[in-house]
Amino acid sequence: MLTFPEVRIGDSVRHETLTVFPLFTDPHSRVDYQLSDEAIAAGAVTVAEVSEGGSVPNLLVENQSDTQVLFLEGEELRGAKQNRVLNTSVLIAAKSKTTIPVSCVEQGRWRFHTRFFASGDSHSSSKLRHILKKTVTHSTLEGLGHASDQGEVWKEVGRQSASLGSHSPTGAMSDTYEAYRARLDEFRDRLKYVEGACGLVVAVGGKMVSVDLFDKPATCRKVWDRLLSGVVMDALEPGQDAQEAEPGAALALLGSLRHAPWQKAAAVGVGEEFRAEMDGDRHASALLSEGTVVHGSLVAAG
């Protein structure tokens, strides 16, 4: 049974066309884990190609620590034969090896830069997350695993690069982000983590684009800036609506996450996974462990 905790919406923070509504719950999670970037930096976890030849839609994670490790849907991993993003949130068991589903976000490279991946410290845009969420949901509910539509992923990476006037010799999403590093830092400085928040609803102009809810404030605090990187890239594209998002719309999107028509899907690592599709081309997923929603999210079409 999937039950979300009661959530309160705090006062919004806004910079240019981007509005963030912090979410608050009464934290009660006892799920113990490290975040992927921390574990990778500490050398407790390695992420590598599955073999010398590699496989575009799969990577191998080895967790050598005594603690579970959480990877988030949409987070970027850079290195090895080509940069990838996670297709779904995955909780990796302690002392284990797990093959994780990913999508390529660097179409023009298939050669080793490094043996192991590093955290990209960035997150997919809401548009790219929508493609991942929608196509992976269709795949899982058809019993085909956590496969994305790789062609659509490459198409979106290229579209955003062109929209923002960026160029990459290997078609790398990361090169577009690096070209806008100063602007990303500016938004992060203006939209700082709100103390105590367990999640956030994000709007670009007057349109709600995403919800992310975590089991504890400590997780939300650590991933806040990374999550913002993706939606900032959405907001920087030309022609964005200048309308300010209303709290009522945030409440409605949050309600649709709580009351979605959830269906159980096979989880990649530890825990249980649920997925849902809703009217308006909205798609959601939730990763549970010990009965707790470790990461629940919803993405609306851009």
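This is a short conversation about the cavities in a predicted model.

Reader: How many cavities does a search of the whole structure find at 30 Å³ or more?

Author: Happy to start there: the search finds three of them. The largest holds about 70 Å³ of space, and the second largest about 50 Å³.

Reader: What makes these spaces cavities rather than pockets?

Author: A 1.4 Å probe fits at the points of a cavity but cannot get out, whereas a pocket is an open set. The three spaces are listed as cavities, so by that definition the probe cannot get out of them.

Reader: Why is Ser 126 called a lining residue of the largest cavity?

Author: Lining residues have an atom within 4 Å of a cavity point. Ser 126 is in the lining of the largest cavity, along with others including His 123, Arg 129, Asp 212 and Val 231, so each of these has such an atom. Among the elements giving two or more residues to this lining are α2 (126-141) and β13 (199-204), while α6 gives the largest share, three residues.

Reader: What makes two residues in that lining count as charged?

Author: Asp and Arg belong to the charged class, and the lining includes Arg 129 and Asp 212, so these two count as charged. The rest of the lining is made of five nonpolar and five polar residues.

Reader: Which classes line the second largest cavity?

Author: Its lining has two nonpolar, five polar and three charged residues. Ala 286 and Leu 287 are in this lining, and they count as nonpolar because Ala and Leu are in that class. β17 (282-289) and β18 (292-300) each supply at least two lining residues, and β17 gives the most, with three.

Methods: Residues numbered from 1 in each chain as written. Predicted model: local features only at pLDDT ≥ 70, side-chain atom pairs only at ≥ 80, totals over all residues. Heavy atoms only, no water. 1 Å grid on protein atoms, 1.4 Å probe; cavity = no way out; pocket = protein on both sides within 12 Å on 5 of 7 lines; lining within 4 Å. Points joined across faces, edges and corners; volume = space filled by probe spheres on them. Helix = DSSP H or I, 4+ residues; strand = E, 2+ residues; numbered from the N terminus.
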